[in-house]
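This report describes how two protein chains meet each other and how they meet two strands of DNA. The sequence and the model are shown first.

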Number of protein chains: 2
Amino acid sequence: MSATNSLSTEDLGSTAQRDRRKRILDATYELASEGGFDAVQMRAVAEAAEVALGTLYRYFPSKIHLLVSALGRQFESAESSLVTRPVPGDTPAERVIWVLKRTSRGLQGDPHLTEALTRAFMFADASVANEIHAVGMSMTSILTHAMDPERSTEVTEDDVAIARVIGDVWLSALVAWVTGRSTAAETAAHMETAVRMLLRD
Amino acid sequence: MSATNSLSTEDLGSTAQRDRRKRILDATYELASEGGFDAVQMRAVAEAAEVALGTLYRYFPSKIHLLVSALGRQFESAESSLVTRPVPGDTPAERVIWVLKRTSRGLQGDPHLTEALTRAFMFADASVANEIHAVGMSMTSILTHAMDPERSTEVTEDDVAIARVIGDVWLSALVAWVTGRSTAAETAAHMETAVRMLLRD
DNA sequence: GGACCAGGTGGAACGTGTTCCTATCATGCT
DNA sequence: AGCATGATAGGAACACGTTCCACCTGGTCC
């Protein structure tokens, strides 16, 4: 295990360690939610999680790893709540739009958190590839599920390609929204247009 | 003019000032090209451009403004060279793909520079909206021109929407490539797929 | 020529991410 | 129990973006 990776839950032997990891991610979440990216200061996280700064860095080798890991945890819970439930809508396009809107509404409800996590995601480099990949898989899985909730057929390459493009648009829109370059409404409209272009019924 | 904006060429009265601005952007370019985002250190830029640190900050209020402005200059020159020349390809999709490939090849030829500029673009917040908007316009203009070089008809809303989606995919691909999460070939293939889905002949 | 002043210089200082070091603590082995 | 070993605490130190300040310069107006 190289030093450029975050410690995952499986790597952690003792209960105390798993607990520390959780405390750290909770503190990150809390701080991000209150004040966004800038408020997630490593010293503050360490203090709030009641661990030493060195320990924090032992668990997460950088602020970016920390935030992306927190993002990953978010996505996993979003994924499980979206994939297990029926998605309303008669066509793939409508279902995907529904999922995106629902997700966006969730994100817009906590702008600081969203800003922090999106920034981290965009700033991540190759050393965060594992964490990023996990997020990408969640995203694709959420979208392909929305496209065909019954999964009557196998997921095709085309489905994945479409999901990826939608994911790209979604990310760009998120970045534009987070950085104050477009409003929530513009973002929503743009995504809807994109989805309809990609998923003509 | 608020302090949160970069000084543009028009704001600069004297030749000496325009010259300083140019020296700064040249130095930025040079450093970015050699060592990427991290190598563009404000002290280093100031020294290379032979201006004081305070002066640098007077011209560009932050490292991000500086890099995004440098990116803007790049895009303008790309735009003028791509828009004035005939674009090969028989269909919109082929022409767009040609333009994207050409541009990508240019970017891949200078990975550090690309990394620096992409990072900056992704990290920019609302205070950089002007600079970002300029880049977005260049991008859209390049793509709509490739879609219909003769411009027999007006640019429609649909054209712009498609161009924006392609721009989004392009940006995401660029981020993935720059951060080492995908190879140049994967990036190219993904963009080609996206363009063909969006611009079915 | 002299006074004025916007813009420039040089550099100190501050905040925050990151690294590093030493002492302390917990846990398993003999 | 005594000990070895790895993890944690606590905190100093460093790097770089950013801010600030005291002073200087080169035009402009009288």
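## DNA strand C

Near DNA strand C, at least two residues of the surface are supplied by each of four elements: helix H2 (42-49) and H3 of chain A, together with helix H1 (15-39) and H3 of chain B. Helices here are DSSP runs of type H or I with at least four residues, numbered from the N terminus. The model is predicted: local features need pLDDT of at least 70 and side-chain atom pairs count only at pLDDT 80 or more, whereas totals for chains, interfaces and linings use all residues. Residues are numbered from 1 along each chain as its sequence is written, chains are lettered from A and ligands numbered from 1 in the order in which they are written, and side-chain values use heavy atoms, with hydrogens and water left out.

Which element gives the most to this surface? H3(B) does, with three residues. In total 17 residues surround DNA strand C, and the closest are Gln41(A), Arg43(A), Lys63(A), Thr55(B) and Tyr59(B). A residue is counted as near a strand if one of its heavy atoms lies within 4 Å of it. By class, the surface near DNA strand C divides into seven nonpolar, four polar and six charged residues. In this scheme Ala, Val, Leu, Ile, Met, Phe, Trp, Tyr, Cys and Pro count as nonpolar, Asp, Glu, Lys and Arg as charged, and the others, Gly among them, as polar. Sugar or phosphate supplies 67% of the atoms of DNA strand C within 4 Å of the protein, and bases supply the rest.

## DNA strand D and the phosphate contacts

DNA strand D has 17 residues around it, of which Arg20(A), Ala52(A), Thr55(A), Tyr59(A) and Arg43(B) come nearest. Of the atoms of DNA strand D that come within 4 Å of the protein, 67% are accounted for by sugar and phosphate. The largest share of the surface near DNA strand D comes from H3(A), with three residues. The residues of this surface comprise seven nonpolar, four polar and six charged.

The table lists protein atoms in polar contact with phosphate oxygens; a polar contact is a pair of N or O atoms within 3.5 Å, and within protein one must be able to donate a hydrogen and the other to accept it, while residues adjacent in sequence count only if both atoms are side-chain atoms.

| Residue | Protein atom | DNA strand | Distance to phosphate oxygen |
|---|---|---|---|
| Arg20(B) | side-chain N or O | strand C | 3.0 Å |
| Arg58(B) | polar side-chain atom | strand C | 3.0 Å |
| Tyr59(B) | polar side-chain atom | strand C | 2.7 Å |
| Glu50(A) | backbone N or O | strand D | 3.5 Å |
| Thr55(A) | polar side-chain atom | strand D | 2.6 Å |
| Gln41(B) | side-chain N or O | strand D | 2.9 Å |

## The contact between the chains

How many residues does each chain bring to the contact? Chain A brings 28 residues and chain B 27 residues, contact meaning heavy atoms within 4.5 Å. The two chains bury about 2500 Å² between them, 66% of it on carbon and sulfur atoms. Buried area is the accessible area (1.4 Å probe) that two parts lose on being put together, summed over both. Within chain A, Phe123(A), Arg181(A) and Met197(A) lose the most area to chain B, together 24% of what that side buries.

Between chain A and chain B there are five residue pairs in polar contact, both at pLDDT 80 or more. The side of chain A that touches chain B draws two or more residues from each of helix H6 (111-123), helix H7 (129-147), helix H8 (157-178) and helix H9 (184-198) of chain A. H8(A) gives the largest share, nine residues. By class, this side has 17 nonpolar, five polar and six charged residues.

Chain A is superposed on chain B by a rotation of 180 degrees with 0.1 Å of shift along its axis (RMSD 0.1 Å). The two copies are thus related as by a two-fold rotation axis. The superposition is by least squares on the C-alpha atoms of residues with pLDDT of at least 70 in both copies. Of the interface residues of chain A, 96% are also interface residues in chain B, so the copies meet through the same surface.

## Salt bridges and Lys63(A)

Over all chains the structure holds 14 salt bridges, each a side-chain nitrogen of Lys or Arg within 4 Å of a carboxyl oxygen of Asp or Glu. Across the interface of chain A and chain B, zero are found. Asp26(A) and Arg73(A) form a salt bridge through their side chains (3.1 Å, N to O). This pair links distant parts of the chain, with Asp26(A) in helix H1 of chain A and Arg73(A) in helix H4 (residues 63-83) of chain A, 47 residues apart.

Lys63(A) also has its place in helix H4 of chain A. Leaving out residues up to four places away in sequence, Lys63(A) touches Phe37(A), Asp38(A), Val40(A) and Met42(A). A polar atom of the Lys63(A) side chain lies 3.0 Å from the backbone oxygen of Val40(A).
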